[in-house]
Amino acid sequence: MALPDELEALNKAFSGHGIHEQTLISILGKWHPEQRKSFRKGNPNLFIEDERNFERWDDHHVRLLKHEFMRFKNAVVLWTMHPWERDARLAKEALKKGPQSYGIIIEIACTRSAEELLGARRAYHSLFDQSMEEDVAQHINGCERKLLVALVSAYRYEGSKLRDDAAKSEAKTLFDAITNDKPIEDDEVIRILTTRSKPHLQAIYKHYKEISGMNIEEDLDADLRLKETVQCLCTPQQYFSQVLDMALQKDVDKSTKKALTRVIVTRADTDMKEIKDDYHNQHGVSLSKKIEDTAHGNYKDFLLTLIARGG
Amino acid sequence: MATIIVAEDASVHEDAQALRNACQGWGTDEKAIIKILGHRNATQRKQIRQAYEELYEEDLVKRLENELSGDFEKAVYRWILDPADRDAVLANVAVRKAESNYHVIIEISCILSPEELLVVRRAYQSRYKRSLEEDVAAHTTGDLRQLLVALVSAYRYDGHEVNERLAKSEADILHDAIKDKAFNHEEVTRILSTRSKTQLRAIFNRYKDEHDTSITKNLSGDPHSDLQKALRTAIRCINDPKKYFEKLVRNAIKGVGTDEEALTRVIVTRAERDLNGIKELYYQRNSVSLDHAVAKETSGDYKAFLLTLLGKED
């Protein structure tokens with residue numbers, strides 16, 4: 001008979017992010033046939049009672065397990081990949097997955113530097129024999145298309161020179177557009193967000209608060225795409241810290257969970273320290289501790305190693 | 001093919017000295033300037049500028065700007081810049097009068113290769129501390145803005161594959177949009193600004209095959225519509241740049257007065273690329289050589305400089 005402690009440990013090893021390989025080896029690996037049988041009988045969510053008198057693995061759960069086992073492999077592959085290929089593949093995958101993943105396209109277009117985005121577009125040519133903007137335009141329609149195509153096509157000025165008077169008046173333009181409803185249909189909103197340099201947008205962010213009293217992303221609650229755009233352009237670390245927080249919740253869907261690997265792998269060399277700080281400020285617990293509690297095995301160790309780099 | 005006759009063995013230092021001499025003292029020796037600069041390729045011109053700076057601690061470009069004037073000065077100024085920098089300057093000049101000079105922006109974004117356009121965008125940022133698309137967007141509105149920003153931001157796939165099925169379906173989309181007079185339709189912008197040039201040429205051919213008229217002819221309905229004009233320009237530039245330039249230069253020369261801005265632009269920007277092909281096309285079309293036409297319509301140092309770039313032997 002399997003011990004209740006062991007059963008609990010085994011169940012825990014299968015749930016969360018990644019697999020606790022050690023538990024599987026030290027407990028499951030030692031079980032006799034009878035122990036395994038009682039494990040099967042005792043877990044009707046994993047094993048279905050088949051009409052021909054045996055306990056059958058539930059296909060859906062096997063698939064889930066497969067994803068969990070693959071989490072470490074995916075993280076490793078993504079980590080070793082050239083950043084250009086990485087971003088190109090992430091963008092393509094997001095495009096194929098559909099609207100619930102388009103935020104990833106915004107993330108890539110807005111949080112990467114001008115040269116990094118360009119590199120991703122180059123890699124896209126090589127990998128998929130078409131341009132990123134071509135593919136995005138083909139798969140997305142309406143106002144979202146205008147926004148997303150323009151975002152992935154941007155090659156923003158990266159110097160510090162900016163005209164504060166223009167930033168002030170553009171902050172007002174944005175405020176008026178948001179107040180008047182449907183800002184994503186406003187050409188000026190698109191123009192400002194998709195062509196202005198990031199320092200210029202930071203200045204707009206500041207002036208907006210003076211005009212509205214609220215931060216611009218707070219006023220954009222009704223428009224998810226614009227909100228994501230503004231967050232990624234103006235407050236990326238906060239954005240990433242939020243994405244990580246959602247990914248680390250219990251019982252989230254596949255795509256949300258995947259964000260854990262994506263964010264950590266893509267930001268470990270950039271602004272991971274600031275993201276960790278923001279996470280700590282927002283949630284009162286360190287990101288490492290949260291990962292320690294939620295993820296398992298090699299996957300967990302890998303993530304912790306990545307985020308520990310650079311302090 | 002290029003038209004300029006390059007002196008391969010020229011000494012950069014001697015050139016710098018000769019240019020210095022040409023600019024010193026009373027008056028300027030324009031003939032010397034033409035003789036040197038008109039026979040140097042982009043690499044040599046860059047080295048001459050560097051050598052001049054080292055020798056005389058002065059910017060040759062600024063010096064020439066001060067010494068020369070009129071159409072001649074504009075032509076020499078454009079000629080002496082690095083090609084990407086030159087295109088950035090031309091783009092900026094056009095952007096500031098974008099509602100009327102958008103065709104220059106379309107030329108630059110549609111005729112250059114994807115990599116060349118990228119280099120121009122970098123040069124633009126370096127010179128003007130803003131991105132090209134930022135400026136284009138800020139100086140245009142509505143449908144024209146959508147089209148122009150999309151064109152300058154494109155980083156087209158540069159492969160030679162053609163998807164025939166897609167070419168047919170997108171030719172149909174374009175045809176429907178034009179038929180419905182929905183020229184500002186997003187699909188039109190999408191197709192023209194994102195597809196690879198090879199794919200676009202296949203689309204235009206397919207269009208002609210299926211509908212018996214060229215797409216540009218179908219876009220000629222309203223002579224006052226800037227958007228239609230812009231679309232035609234983009235299509236012509238993508239389809240056949242030489243033919244586009246031949247027409248541009250023909251229109252610049254014919255009739256009363258000459259459009260020096262356009263004439264200079266074509267000759268200066270294409271002299272090291274395909275001006276020879278443009279000349280051949282011009283002769284076929286007009287039964288007179290481009291050199292001859294330019295000689296007739298221009299004068300003085302400006303004329304001498306243009307003819308040198310056109311390949312006139314000294």
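This report describes how chain A and chain B meet in a predicted model.

## Basis of the values

In this predicted model, local features need pLDDT of at least 70 and side-chain atom pairs count only at pLDDT 80 or more, while totals for chains, interfaces and linings use all residues. Residues are numbered from 1 along each chain as its sequence is written, chains are lettered from A in the order in which they are written, and side-chain values use heavy atoms, with hydrogens and water left out.

## The interface

Chain A and chain B each bring 29 residues to the contact, where contact means heavy atoms within 4.5 Å. About 2,700 Å² is buried between the two chains, with carbon and sulfur atoms giving 48%; this buried area is the accessible area (1.4 Å probe) lost when two parts are put together, summed over both. On the side of chain B, the most area is lost by Glu134(B), Tyr155(B) and Tyr157(B), together 24% of what that side buries.

## Charged pairs

Seven salt bridges are found across the interface, each being a side-chain nitrogen of Lys or Arg within 4 Å of a carboxyl oxygen of Asp or Glu. One of them joins Glu186(B) to Arg145(A), whose closest N and O atoms are 3.8 Å apart.

## Gln130(A)

Gln130(A) lies in the loop between α7 (114–128) and α8 (132–139) of chain A, the helices being DSSP runs (H or I, at least four residues) numbered from the N terminus. Gln130(A) is buried, at a relative accessible area of 17%, where buried means under 20% (1.4 Å probe, protein chains only). Not counting residues up to four places away in sequence, Gln130(A) touches residues including Tyr124(A), Tyr157(B) and Arg195(B).

Notes:
Helices (H or I, at least four residues) and strands (E, at least two) are DSSP runs, numbered from the N terminus. Buried means under 20% relative accessible area, exposed over 50%, partly exposed in between (1.4 Å probe, protein chains only).
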